[in-house]
Structure formats: C-alpha cells, structure tokens
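Biologist: Please examine one part of this model closely and set that part in the context of the whole chain. I should like a connected account of its pairing, its cover and its contacts, together with some indication of how much confidence the prediction carries.

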Amino acid sequence: MLEAFKTVVRNGSFILFLILQLLCFFWVVKYNQKQSQIFFYSLQVAAQATNARVKDIVSYFSLKDKMKELKEENANLLKDLKNIQEFLKKDSLAQHFKDSSVLKQNNHFNIISAAVVNNSISRKNNYLTIDKGSLDGVNPGMGVISSKGVAGIVMDTGIHYSIVMSLLHSNSRLSAKLKRSGFFGTLVWRDFDPRYVYLEEIQKYADVQVGDTVVTSGHSIIFPEGIPIGDVILFGVEPGAFTYTMKVRLFQSFSSLKSVYLIDHKYNKEKQSLEKRRIEDE
C-alpha cells in the first residue's frame, strides 16, 4: 500500500496530466455535437468489432464439439453405406444367378440367398451352417452354390437355420461333366485337401485336356446343368482302372465362403414321385 502511494506521488504530474486530458475529452464530446457524433459512432463500430471477435473466439472453442458430432455422423453414414453396398452386392448376385444362362434355360428353379454362419474345412466330413431355415422355404435336398461354384447340399433344416453337407465331405457324390467335351462322371472329395476334388469314371477315349472346366451335368434334380465347379489340373488312369481320374481345382475357396444361394426346384416332389414309382415297377 505504501509502495503504491509512493508510485502515485512519484508520477503525480503524469497522472494529473491524464486526468486533465480525460476531462478535456469529456467536455469536448459533451459540449460539441459533431465531436459527440464522431465519438459515439466510433464507439459503436468498436463495439460491433469486439462483439464479432468474441463470437469468433466462442465458435473456435465450439469447433471441437462440432468436429466430434461430424465424426459420429460420418461413422453412421459409412455404416449405412456399407450395409447398402452389402445389400446391393447380395441382391445383384442373386439377380445374376436368376438371369444367368444356366438357370434361364428354364423357370423350374427358385433362388434363396443365405449367409454362412459356420463352416469347417479340415475334417473328413465337413458341413456348413446357413442362416436360413424352413421358415424361409429351405428343405433338405436343395442344392447350394456360391457366386463361384457348387458348395453342397442341404441335409437338415431348423426353423431359422440349416445344415449343408459341404462338397468337402467324404460321402459327397456329385454328377459332373467336362464343359468342353461333355463327358461326365462322378465328383468326389478324397484327399481331404479343401482346394481339390476328383472327377472319376470318365471313359478313356474321352477328349480331356488340362484346364478343362468341370460343371454340373444336370443329371441330378439338385443342380441344374452348367453350374461351375473347377478346372482340371491333372488326369490319368489309375492302376487297374479303365477310366480316367481327374484332379480338379475348385473355383470356390471354401475357407472364404460367406454367401451362398439355395436352388429350389419347383417340381422336385413331382419328379421324385415319378422316379419312385418307376423304381417300384422294376
């Protein structure tokens, strides 16, 4: 307090000068209309500028919250976009099969899309679990394919899920043929390697080349003719055999199988009933 008093005394002349200046300024503004207008106009401009600057500062500090909101909105938009893309992808694949030349040859087939929720590839007998069941129209015996080829056959159905016997099953037997030459045989899985299957019982006089495409023969009601399976990488006659055995590399990698399509033959029951009566007559 004493130091403050000493400072005032030491600078008394300067402080008196400031007081007199302020008084002069006050009297000039108060008793002169033009100077008064200039003063209040300048004061208004300064107030507006200060107000704008304060708003800018407040906005700057609120940007952090706005950025957070924008990030959340972007995350939600990206999530929605991904869902839409997945839906369109599935829908386009389903439409692809509906429009494909294979299924377009007749209108006897319906297509049901499903997701693989469980899958095994390392056992002797492998199965898929899919997220569609009897409530979705799935029945045992339906063929199951992916966007790249044959996947298996429905074995059992629940209300919401179904079990599919994978093509990688020791009891799997599928009628298949060489697309180029038309010779057909039986497709089996026996090396327990998920990348390959074998096409057996092809006649020795058949026209076979490495690289030939193997497709479904259409002899079974489960799969229509022409569904791709794989390509021939080796072929030959095993000792004591009279037919070719071919090693076929699968188009579909079962380790990455996520989406499948079930083939529903509209007249399956009618065909089975007729064939059963024929067998009984024999």
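Modeller: Confidence comes first: among the elements of the chain, strand 5 (residues 162–169) has the highest mean pLDDT, 95, whereas helix 4 (residues 101–104) has the lowest, 52. The model is predicted, and the chain as a whole has a mean pLDDT of 82, with 82% of its residues at 70 or more.

The chain contains five helices and 12 strands. Of its 282 residues, 30% are buried. Its exposed surface comes to about 18,900 Å², of which carbon and sulfur atoms supply 57%. Among contacts between residues at least 6 apart in sequence, 58% join residues at least 24 apart.

The part I have chosen for the close look is strand 8, which spans residues 196–203. Strand 8 belongs to a barrel of six strands that closes in the order 6-7-8-11-10-9, with antiparallel pairing. From one strand to the next, the twist in this barrel averages 40°.

Within that order, strand 8 has a partner on either side. With strand 7 (residues 184–188) it pairs in the antiparallel sense over three bridges; here Thr 186 stands opposite Glu 200 of strand 8. With strand 11 (residues 243–250), strand 8 also runs antiparallel, and six bridges join the two. On this side, Leu 199 has Met 246 of strand 11 as its bridge partner.

As to cover, six of the eight residues of strand 8 are buried, and the strand is mostly covered. Leu 199 deserves particular attention. The largest nonpolar core has 43 residues, and Leu 199 is one of the five that touch the most other members, alongside Leu 187, Val 214, Val 260 and Leu 262. Strand 1 gives this core its largest share, five residues. When neighbours within four places in sequence are set aside, the contacts of Leu 199 include Gly 185, Thr 186 and Leu 187. They also include Tyr 244, Thr 245, Met 246 and Val 248. Ala 176, Leu 178 and Val 214 complete the set of contacts of Leu 199.

Two residues call for a check of the backbone. Glu 201 lies in strand 8 itself, and its phi is near 70°, a positive value in a residue other than glycine. Glu 201 has a relative accessible area of 46% and is therefore partly exposed, since that class lies between 20% and 50%. Phe 192, in the loop between strand 7 and strand 8, likewise has a positive phi, near 60°, and is not glycine. At 42% relative accessibility, Phe 192 is also counted as partly exposed.

For context, there is a second closed arrangement in the chain. Six strands form a barrel in the order 1-2-5-4-3-12, again with antiparallel pairing. The average twist from one strand to the next is 45° here. Strand 12 (residues 259–265) has five of its seven residues buried, so the rest of the structure largely encloses it. Seven bridges pair strand 12 with strand 1 (residues 109–119) in the antiparallel sense, and Ile 111 has Ile 263 of strand 12 as its bridge partner. Three bridges pair strand 12 with strand 3 (residues 143–145), also antiparallel; in that pairing, Tyr 261 of strand 12 is the bridge partner of Ile 145.

Strand 3 is joined in turn to strand 4 (residues 150–157) by three bridges, and these two run antiparallel. Val 144 stands opposite Gly 152 in strand 4. The loop between strand 2 (125–130) and strand 3 holds Asp 136, which is partly exposed at a relative accessible area of 34%. Beyond residues up to four places away in sequence, Asp 136 touches Ile 112, Asp 131 and Ile 159. The C-alpha atoms of Asp 136 and Ile 159 are 8.1 Å apart, although 23 residues separate the two along the chain.

To return to the chosen part, strand 8 is mostly covered and is bridged to strand 7 and to strand 11. Leu 199 ties this strand to the largest nonpolar core, whereas Glu 201 of the strand is partly exposed.

Terms used: Residues are numbered from 1 along each chain as its sequence is written. This is a predicted model: local features need pLDDT of at least 70, side-chain atom pairs count only at pLDDT 80 or more; totals for chains, interfaces and linings use all residues. Side-chain values use heavy atoms; hydrogens and water are left out. Buried means under 20% relative accessible area, exposed over 50%, partly exposed in between (1.4 Å probe, protein chains only). Helices (H or I, at least four residues) and strands (E, at least two) are DSSP runs, numbered from the N terminus. Two strands pair if DSSP finds at least two bridges between them. Axes are lines fitted to C-alpha atoms, for helices over the stretch in contact, and angles run from 0 to 180 degrees between N-to-C directions. pLDDT is the predictor's confidence in each residue, from 0 to 100. Contact means heavy atoms within 4.5 Å. Accessible areas come from the Shrake-Rupley method with a 1.4 Å probe; for residues, only the protein chains shown count as cover. A nonpolar core is a set of buried Ala, Val, Leu, Ile, Met, Phe, Trp, Tyr and Cys residues joined through side-chain atoms within 4.5 Å.
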